[in-house]
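Work through the exercises below with the structure in view. Try each task before reading its solution.

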Amino acid sequence: MREKNWIREYGWILLTGVVVGVAALVLTSAGNPKNMGFCIACFERDIAGALGMHSAGKVQYLRPEIIGIVLGSTLAAAVSKEFRGRAGSSPACRFAIGVFVMIGALVFLGCPLRMVIRLGGGDLTAVAGLLGFLAGILVGIFFLRRGFSLGRAYPVRKGEGSILPGMMILLLFLLLAAPSLLRFSEEGPGSMHAFWGISLIAGLAVGALAQRSRLCMAGGLRDVFLLRDFRLLSGFLAIWITVTIGNLLLGNYHLSALSQPIAHSQHLWSFLGMALAGWGSILLGGCPLRQLILAGEGNGDSAVTVLGMIVGAAVSHNFGLAGAADSVAADGTYVIGGIGTAGMAAVALGFAVLLAVTLAHLPGKEEAV
Amino acid sequence: MRKKQPRLVVAFHTTAGAIATERLCQACGMEGRLIPVPRIITSDCGIAWSAPPNLRELLEGKLQQAGIETAGLYDLLL
């Protein structure tokens with residue numbers, strides 16, 4: 001009986017974590033960039049590039065993983081009769097927060113999910129990101145405790161909730177039937193990808209399981225600090241352990257803070273970028289992966305957030321805000337990557353915007369409980 | 001793992017509603033604690049208030065008085 005309770009409480013979330021980890025390993029083996037089997041921020045950035053929203057030639061590909069995650073969530077929600085149209089919770093603020101969550105993630109070079117995958121590959125530069133993410137979440141919890149709220153969402157027609165899943169079907173159609181309308185990288189991370197069918201199936205599996213289990217990187221840590229509940233965090237840990245074991249078995253585990261794939265050594269800015277992403281994720285009520293899942297379930301506010309993140313990715317690359325990976329020059333010199341002045345200013349602006357949004361949504365003149 | 005017990009679970013539309021309820025109950029000396037909203041109630045990953053079932057009427061009254069909107073009250077084994 002005790003075992004059954006434990007399985008009921010932790011079974012779905014652990015299974016989801018293991019499946020995400022295995023899917024990340026499979027996708028990397030099938031062609032995705034190293035330590036980037038899954039990355040919501042990077043893949044949305046690639047989609048922005050494929051649609052011509054930015055012109056960074058190395059990061060343009062219409063990633064079927066994102067399409068799969070949204071549609072997997074939609075299918076799981078439809079089967080369990082949980083697809084509900086909802087919207088109206090400060091969509092403009094969510095859009096703005098989504099923009100800065102993406103800017104922060106691209107400064108670090110990965111969303112919270114890729115942060116875990118990088119750690120599972122032995123990438124010690126991701127530790128700064130993890131600490132920053134934790135710090136951002138604690139700041140978010142501080143304001144949650146003081147009554148921060150973007151206000152409630154209201155039931156809307158299912159058509160409103162179907163917009164993002166519909167857009168994903170359209171993107172899949174473009175990828176398969178009209179690829180000439182899209183941009184594809186010929187070199188760099190955007191040129192490295194698994195066969196679209198494998199990516200789509202992996203995304204569908206992860207989307208469906210994440211909808212059932214409510215996997216969320218930010219929510220897991222929020223629940224630990226706010227509620228002393230470890231269920232959601234166990235999914236986060238399951239991904240980490242699965243990817244670590246898989247990389248060790250495949251010989252892809254390289255414990256080092258140097259020469260890690262698509263990572264940089266500006267640790268302070270990795271910390272601050274993920275702090276921005278963590279704080280923003282708490283204000284939004286979920287990490288970038290969770291926003292895709294909620295949008296798939298019919299949440300129009302999360303759909304707006306996802307669109308904000310895609311715009312944030314375009315802004316990051318059009319204005320040179322994103323991090324550059326460390327590299328080795330032709331003469332063998334190790335070149336530290338990271339961000340420039342524009343990226344630093346954008347992170348500072350991001351903190352200012354999140355603070356302004358937070359202060360404007362604390363209990364006071366305009367109650368939002 | 002402890003044995004499951006009947007609990008009154010209050011779900012909210014916002015996290016702020018749950019936090020406000022915690023404050024209210026602490027101020028009134030009413031037993032209860034914040035929990036992740038049970039999966040059986042919703043696919044949302046919000047926060048709920050868990051209280052002894054015998055406090056239902058008292059809690060409903062206090063929440064109404066304080067103007068805290070709920071998304072439902074549920075009797076569950078937790």
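Five exercises with solutions follow, after a note on conventions.

This is a predicted model, in which local features need pLDDT of at least 70, side-chain atom pairs count only at pLDDT 80 or more, and totals for chains, interfaces and linings use all residues. Residues are numbered from 1 along each chain as its sequence is written, while chains are lettered from A and ligands numbered from 1 in the order in which they are written.

**Exercise 1. Describe the overall build of chain A.**

Step 1. Count the elements: chain A has 15 helices and four strands. Helices (H or I, at least four residues) and strands (E, at least two) are DSSP runs, numbered from the N terminus.

Step 2. Take the extent: the C-alpha trace of chain A spans about 60 × 50 × 40 Å along its principal axes.

Step 3. Test the radius of gyration, which is taken over C-alpha atoms; the globule rule is 2.2 Å times the number of residues to the power 0.38. A compact globule of 369 residues would come near 21 Å, and the 19 Å of chain A agrees with that.

Step 4. Look at burial: 58% of the 369 residues of chain A count as buried. A residue is buried if 20 or more other C-beta atoms lie within 10 Å of its own, exposed if 12 or fewer, and partly exposed in between, with C-beta atoms placed from the backbone.

**Exercise 2. Work out how helix 13 and helix 14 of chain A pack.**

Step 1. Find the angle: helix 13 (residues 288–296) and helix 14 (residues 300–318) of chain A pack at about 135°, their axes 8 Å apart. Axes are lines fitted to C-alpha atoms, for helices over the stretch in contact, and angles run from 0 to 180 degrees between N-to-C directions.

Step 2. Classify it: this angle makes helix 13 of chain A oblique to helix 14 of chain A. Angles under 35 degrees count as roughly parallel, over 145 as roughly antiparallel, 65 to 115 as roughly perpendicular and the rest as oblique.

Step 3. List the residues: Pro288(A), Gln291(A), Leu292(A), Leu294(A) and Ala295(A) of helix 13 meet Ser302(A), Ala303(A), Thr305(A), Val306(A) and Met309(A) of helix 14. Two residues are in contact if their C-beta atoms, placed from the backbone, lie within 7 Å.

**Exercise 3. Which residues does Gly188(A) touch, not counting residues up to four places away in sequence?**

Step 1. Locate Gly188(A) in the loop between helix 8 (163–177) and helix 9 (196–213) of chain A.

Step 2. Read off its contacts: Gly188(A) touches Lys58(A) and Val59(A), with residues up to four places away in sequence not counted.

Step 3. Judge its exposure: Gly188(A) counts as partly exposed because it has 16 C-beta neighbours inside 10 Å.

**Exercise 4. Are Lys81(A) and Ser259(A) exposed or buried, or in between?**

Step 1. Place Lys81(A) in the loop between helix 3 (64–79) and strand 1 (86–87) of chain A. Lys81(A) has 7 C-beta neighbours inside 10 Å and so counts as exposed.

Step 2. Place Ser259(A) in the loop between helix 11 (231–250) and helix 12 (267–284) of chain A. Ser259(A) has 15 such neighbours inside 10 Å and so counts as partly exposed.

Step 3. Check the backbone: phi is near 55° in Lys81(A), and phi of Ser259(A) is also near 55°.

**Exercise 5. How many residues of chain B are in contact with chain A?**

Step 1. Count both sides: 17 residues of chain B contact 26 residues of chain A.

Step 2. Find the main source: helix 1 of chain B gives the largest share of its side, five residues.
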